[in-house]
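User: I'd like to go through this structure and check what the labels rest on. Could you take my questions one at a time?

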Amino acid sequence: MHLCAESPHFDTKCMCITTYESLSGYVSDRILEDNLENDLRSLSLSKRKTSIVQNSTPVVTARELVLKKCGQEEPLPFEECYSKSVLQNCQKIGEGVYGEVFLFKNPNGGTSVMKVIPIEGDLIVNGERQKKFDEILSEITIALELSNLRNNNDNKTSGFSEVQKVCCVQGSYPEKLIYLWELYDETRGSENDSPDIFGEDQLYIVLQLANGGSDLEAFIFNNSLQAYTMFQQVACTLAVAEEELHFEHRDLHWGNVLLSTVDKNSKVTFRLDGKNYDIMTKGVEVAIIDFTLSRIECEGVVIFNDLSLDPDLFTAEGDYQFEVYKLMQKKNGNNWQRFEPYSNLLWLHYTLDKALTALRYKNTQTKVHKEYLGKLRQLKDEILNYNNVKEFVLEYF
Ligand SMILES: Nc1ncnc2c1ncn2[C@@H]1O[C@H](COP(=O)(O)OP(=O)(O)O)[C@@H](O)[C@H]1O
Ligand SMILES: [Mg+2]
């Protein structure tokens with residue numbers, strides 16, 4: 001993850017920190033100036049180089065900024081964030097190289113998930129080095145900004161996974177969670193290392209999200225009308241975030257769109273530029289997750305992941321997903337700092353392709369199913385003629 005000031009007069013300074021390595025090289029102990037009005041700026045701007053040297057301004061570390069976002073002063077033991085009784089009712093539901101995802105019954109009602117991400121340690125986990133505080137800070141910030149769009153005024157959406165809590169914990173992995181990891185490994189097979197490798201000093205970020213349901217790949221739709229409303233919800237959500245945050249998801253494959261079943265007569269409301277758009281859910285509600293590759297702009301600071309440093313992303317072949325990475329790169333000239341909302345349209349095109357070729361439907365013989373397959377086909381033919389999702393949504397919905 002990289003942070004950079006977008007405004008033109010920061011351009012040269014921005015160069016200093018367009019790679020994570022140069023940021024860490026220059027602020028070797030990750031000491032950054034405190035600017036309480038704008039945590040992002042304090043982490044990102046290389047102009048701080050001079051400030052740090054010249055002024056005796058208070059300084060703050062990325063660690064402190066993360067702890068502040070967590071509402072903590074120090075990392076806490078796991079049990080202080082999640083009691084034994086909560087862990088007792090947990091299940092492992094997913095995994096990634098970053099760590100493990102568990103589902104649990106929230107004592108405040110409903111079900112939630114926790115993403116447990118080991119950070120800062122020297123151990124290589126799942127073949128990767130662990131994220132540092134400054135890298136995880138960007139991820140936490142993106143997830144929070146998108147989640148908070150549900151409370152925004154003129155540009156409002158509940159289509160991004162709701163962040164309920166962020167904790168920084170320290171210690172060896174809870175026994176119960178190790179047991180659940182082993183159970184998952186035996187029943188479904190895990191590609192990850194067992195979390196029993198972590199010692200007492202290990203730090204983690206636990207991101208608690210509302211349970212968004214199952215992903216597009218696993219979900220079984222009644223018919224293509226439900227897929228159509230899923231598509232509308234994804235499109236409106238992207239349009240709102242494009243407008244408010246200059247957001248690009250950049251990795252919106254079918255594992256990162258979640259669906260839950262809701263009342264079939266319910267609707268969801270989006271607000272774009274102060275205007276409301278109601279969409280009938282037809283029984284499915286969308287939650288977009290996983291902002292590891294995403295880009296946002298927040299108070300003049302760009303947070304992005306420099307994918308040009310990850311050439312492997314562009315060599316994979318097979319699914320259309322892997323073509324989309326290449327198409328995004330072609331469109332932005334491998335400059336991942338730049339806002340290029342066409343990338344969001346590419347992922348919508350991918351979603352339409354999946355709806356037509358790979359999503360699963362219960363009732364395929366009905367008139368409504370055939371009718372909406374036709375509409376999805378037409379959308380797929382036309383969507384790449386737009387410049388961004390906002391423009392598309394304004395014309396289509
Ligand atoms: N809010 C959520 N609700 C339900 N399941 C989730 C949620 N967040 C993540 N998951 C599950 O965990 C998996 C991995 O999470 P994700 O954030 O996509 O991480 P990764 O970067 O490894 O893809 C998802 O594919 C999904 O199955
Ligand atoms: Mg994912």
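**Labels and what backs them**

Analyst: Sure, and let's start with the ligand: β5 (91-96), β7 (111-119) and β9 (203-210) each give at least two residues to the shell around ligand 1. Keep in mind that this is a predicted model.

User: Which residues come nearest to ligand 1?

Analyst: The shell has 18 residues, and the nearest are Tyr98, Lys115, Ala210, Gly212 and Asp290. By class, that shell splits into 8 nonpolar, 8 polar and 2 charged residues. As for domains, domain 2 (76-211) and domain 3 (215-396) each contribute at least three residues to the shell.

User: What makes the pairing of ligand 1 with the side chain of Asp290 a polar contact?

Analyst: The cut-off is a pair of N or O atoms within 3.5 Å. An N or O atom in the Asp290 side chain sits 2.7 Å from an oxygen atom of ligand 1, so the pair qualifies. Ala210 uses its backbone instead: one of its backbone N or O atoms is 3.0 Å from a nitrogen atom of ligand 1. Then there's Tyr98, with a side-chain N or O atom 3.5 Å from an oxygen atom of ligand 1. As for cover, ligand 1 on its own exposes 550 Å², and the protein buries 86% of that.

User: How do you know which protein atoms are donors of the magnesium ion (ligand 2)?

Analyst: For this metal a donor has to be an N, O or S atom within 2.8 Å. Asn256 (OD1) and Asp290 (OD) lie 2.2 Å from the magnesium ion, so they count as its protein donors. The two come from distant parts of the chain, 34 residues apart: Asn256 is in the loop between α10 (224-245) and β12 (257-261), and Asp290 is in the loop between β15 (284-288) and β16 (296-298).

User: Why is Asn256 called buried?

Analyst: Buried means under 20% relative accessible area. Asn256 has 4%, so the label fits.

User: What about Asn344: why does that one count as buried?

Analyst: Its relative accessibility is 1%, and the limit is under 20%, so Asn344 is buried. You'll find Asn344 in helix α12 (residues 342-357). Its side chain makes a polar contact of 3.1 Å with the side chain of Glu242.

User: And why is Gln233 called buried?

Analyst: Gln233 has a relative accessible area of 2%, so it falls under the 20% limit. Gln233 belongs to helix α10. A polar atom of the Gln233 side chain lies 2.8 Å from the backbone oxygen of Val284.

User: What sets Glu120 and Asn126 apart as local features?

Analyst: Both have a positive phi without being glycines: about 70° for Glu120 and about 50° for Asn126. Glu120 is in the loop between β7 and α8 (133-147), and Asn126 is in the loop between β7 and α8 too.

User: Why is Glu120 called partly exposed, and why does Asn126 count as buried?

Analyst: Partly exposed is the range between the 20% and 50% limits. Glu120 is at 25%, so it is partly exposed. Asn126 is at 12%, which is under 20%, so it counts as buried.

User: Why does Gly300 count as partly exposed?

Analyst: The value is 33%, between the limits of 20% and 50%, so Gly300 is partly exposed. Gly300 lies in the loop between β16 and β17 (301-304). From its C-alpha to that of Leu245 is 9.9 Å, with their positions 55 residues apart along the chain.

User: How do you know that Leu327 is partly exposed?

Analyst: Its relative accessible area is 33%, so it also fits between 20% and 50%. Leu327 is part of helix α11 (residues 320-332). The C-alpha atoms of Leu327 and Leu346 are 7.8 Å apart, and the two residues are 19 residues apart along the chain.

User: Last one: what makes Gly71 exposed?

Analyst: Exposed means over 50%, and Gly71 has a relative accessible area of 68%, so the label holds. Gly71 is in the loop between α5 (62-70) and β4 (76-77). Its C-alpha is 8.0 Å from that of Cys167, a residue 96 residues away along the chain.

Notes:
Residues numbered from 1 in each chain as written. Chains lettered and ligands numbered in written order. Predicted model: local features only at pLDDT ≥ 70, side-chain atom pairs only at ≥ 80, totals over all residues. Heavy atoms only, no water. Near = heavy atom within 4 Å. Polar contact = N/O pair within 3.5 Å; in protein donor to acceptor, adjacent residues only side chain to side chain. Areas by Shrake-Rupley, 256 points an atom, 1.4 Å probe, with all protein chains shown as cover. Helix = DSSP H or I, 4+ residues; strand = E, 2+ residues; numbered from the N terminus. Nonpolar A, V, L, I, M, F, W, Y, C, P; charged D, E, K, R; others polar. Domains from an automatic or database assignment. Donors = N, O, S within 2.8 Å, 3.2 Å for Na, K, Ca; no water. Buried < 20%, exposed > 50% of the residue type's maximum accessible area, 1.4 Å probe, protein only.
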